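Good morning, and thank you for joining this session. I would like to present one structure and go through its elements in turn.

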Amino acid sequence: MVSANNPASGFPLQSLPFCSFLSAQEGNAHLGVGIGSFLLDLHELSRVGLLGLLETEVQSACAAPQLNSLMRCGPAAWSALRPVLIDLLKDDASPAHRSRIEPFLIPTKNVRFLKPVAVGNYTDFYASIHHATRVGQLFRPDQPLLPNYKWLPIGYHGRASSLGISGAGIPRPHGQIRLTGHETPAFGPTKQLDYELEVAAYIGTGNRPGQPISIAKAAPHIFGLSLLNDWSARDIQSWEYQPLGPFLGKSFATTISPWVVTMDALDPYRVPLHTRDEGDPEPLPYLAEPAWMERKSGFDIKLEVLLSTARMRASSQAPVRLSGGNLCDLYWSFGQMIAHQTSNGCNLIEGDLIASGTVSGPHSGSEGCLLEITRCGASPIRLPNGETRAFLEDGDEVILNGFCEREGFPRISLGECRGTVLPAHDVS
């Protein structure tokens with residue numbers, strides 16, 4: 001059990017992130033929790049009655065293939081499950097107890113991960129002012145931010161059906177592209193494929209149609225956070241997005257991490273969000289967080305992007321770090337996103353995904369996508385092996401990492417979110 005609690009893995013006893021995986025014995029999806037370099041099979045714990053005095057509904061939810069049933073049980077049930085799992089896995093357990101638990105610990109390296117949540121709806125926000133400003137400077141240098149940006153969380157409805165699990169390949173999408181100097185667009189594969197470094201919040205409990213979620217009550221509706229890469233075809237998007245916003249340039253693929261880190265585990269790493277500049281408008285009342293909430297509406301989660309090209313892997317070179325940011329640099333909090341999305345009576349349901357949008361910081365090196373780093377391809381980056389990139393090429397693997405660190409607390413990882421660019425399909 002000591003090896004399972006190895007803090008170097010980023011999955012210490014204080015974390016216990018959830019996942020869904022394919023059981024080698026049955027070939028069915030099981031829920032698990034990460035602990036060190038292992039995961040604990042919740043389905044089997046429920047089957048043999050090792051989940052103690054938890055309510056029958058919670059024990060049944062642990063035997064489900066995805067987290068939606070557990071989400072429906074509500075925040076009290078989520079919090080009640082946590083100490084039960086901690087007691088099962090703590091180091092000072094008796095030898096007899098350890099022998100009962102160890103058969104249900106599976107090395108993570110031997111597991112095939114599945115999507116942890118059945119996502120019915122997916123909203124992608126645009127909550128990083130640093131990202132919005134840099135992108136605006138590229139295309140609207142006289143007015144980088146549109147007038148509404150500082151008044152409301154900008155978002156659009158994504159395509160839940162194209163959410164894929166970390167490790168899956170990303171075929172290069174086709175779409176209409178109008179090249180500079182051409183009046184007529186052409187149809188073909190994107191030449192400006194990009195990643196977007198994001199964090200997503202899973203909605204645990206929703207609201208009834210017509211009944212908004214108030215800003216003060218938004219936090220308990222979030223089950224946990226996860227890494228997300230919302231791939232983007234910049235050339236397709238730039239031609240199609242006006243007047244109704246992103247469509248084919250975004251809907252072809254979004255990659256999610258297999259791990260969901262609960263809000264209880266992340267609570268010690270709460271911090272205030274990005275400080276608004278002097279002269280910025282105060283949020284309207286329905287978006288104004290109470291003082292107690294404002295002090296902890298952000299999360300100190302360090303994020304980074306790594307790139308591994310096909311040539312690098314062929315020569316056994318390690319991935320190169322492209323950039324890194326922090327989730328606390330967002331302009332709008334997840335609570336504000338939820339309050340805004342439901343303010344018109346829109347109903348959220350368990351399993352809905354709320355994404356932050358590209359997370360970028362204020363300084364060079366903290367950009368959350370290649371569009372920012374290369375200034376839309378005008379300033380390609382040179383990799384250590386001599387390759388250059390303006391945008392992603394076939395065979396490139398993008399790796400997102402995220403972790404929390406704080407003195408007196410263990411390092412908690414959000415795991416990895418990986419995706420490799422595949423050649424475009426033949427659509428002739």
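I shall cover the sheets, one helix, the nonpolar cores, the cavity and two individual residues. Please keep in mind throughout that this is a predicted model.

Let me begin with the sheets. One open sheet consists of five strands, arranged in the order E9-E26-E25-E20-E21, and its pairing is mixed. Strand E9, residues 169–171, and strand E21, residues 320–326, are the edge strands, each pairing on one side only. From one strand to the next, the twist averages 25°. Within this sheet, strand E20 covers residues 302–308 and is joined to E21 by six bridges, the two running antiparallel. As a point of reference on the display, Lys302 stands opposite Asn326 in E21.

Another open sheet also has five strands, in the order E4-E3-E2-E1-E5, and here the pairing is antiparallel. Its edge strands are E4, residues 105–107, and E5, residues 113–114, and each of them pairs on one side only. Strand E1, residues 18–22, is connected to E5 by two bridges, again in an antiparallel arrangement. In that pair, Phe21 faces Phe113 of E5. As a general reminder, the strands of a sheet pair through backbone hydrogen bonds, either parallel or antiparallel.

I turn now to helix H6, which spans residues 129–139. Which of its residues are buried? They are Ile129, His130, His131, Ala132, Arg134, Val135 and Gly136. The cover over these buried residues includes helix H13, residues 370–373.

Next, the nonpolar cores. The largest of them comprises 61 residues, and those with the most contacts inside it are Leu225, Ile301, Leu322, Leu327, Phe334 and Leu392. Let us take Leu322 as an example. Beyond its neighbours within four places in sequence, Leu322 is in contact with Tyr195, Val305, Leu307, Leu370, Ile373, Ile381 and Leu383. A second core, separate from the largest, has 50 residues, among them Leu16, Ile35, Cys62 and Leu81.

How many cavities of 30 Å³ or more does the structure hold? There is one. The volume of the largest cavity is about 40 Å³. Its lining is formed by Leu273, Ser297, Gly298, Phe299, Leu327, Leu330, Trp332, Ser333 and Phe334. Two of these lining residues, Leu327 and Phe334, were named a moment ago among those with the most contacts inside the largest core.

Finally, two individual residues. Asn229 belongs to strand E14, residues 222–229. Is Asn229 buried or exposed? Asn229 is buried, because its relative accessible area is 1%, and buried means under 20%. Setting aside residues up to four places away in sequence, Asn229 touches Tyr195, Glu196, Thr254, Thr255, Val398, Leu400 and Cys417. Tyr195 is thus listed for Asn229 and also for Leu322.

Ala288, by comparison, is located in the loop between strand E18, residues 270–271, and helix H10, residues 291–294. Why does Ala288 count as partly exposed? Ala288 does so because its relative accessibility is 32%, which falls between the limits of 20% for buried and 50% for exposed. Apart from neighbours within four places in sequence, Ala288 is in contact with Ile215 and Pro283. As for its distance from Gly249, the two residues are 39 residues apart in sequence and 33 Å apart in space, C-alpha to C-alpha.

That concludes the presentation, and I would welcome your comments.

Technical notes. Residues are numbered from 1 along each chain as its sequence is written. This is a predicted model: local features need pLDDT of at least 70, side-chain atom pairs count only at pLDDT 80 or more; totals for chains, interfaces and linings use all residues. Side-chain values use heavy atoms; hydrogens and water are left out. Two strands pair if DSSP finds at least two bridges between them. Helices (H or I, at least four residues) and strands (E, at least two) are DSSP runs, numbered from the N terminus. Axes are lines fitted to C-alpha atoms, for helices over the stretch in contact, and angles run from 0 to 180 degrees between N-to-C directions. Buried means under 20% relative accessible area, exposed over 50%, partly exposed in between (1.4 Å probe, protein chains only). Contact means heavy atoms within 4.5 Å. A nonpolar core is a set of buried Ala, Val, Leu, Ile, Met, Phe, Trp, Tyr and Cys residues joined through side-chain atoms within 4.5 Å. On a 1 Å grid over the protein atoms alone, a cavity is a set of points where a 1.4 Å probe fits but cannot get out, and a pocket is an open set with protein on both sides within 12 Å along at least five of seven lines; lining residues have an atom within 4 Å of a point. Grid points are joined across faces, edges and corners, and a volume is the space filled by probe spheres set on the points.
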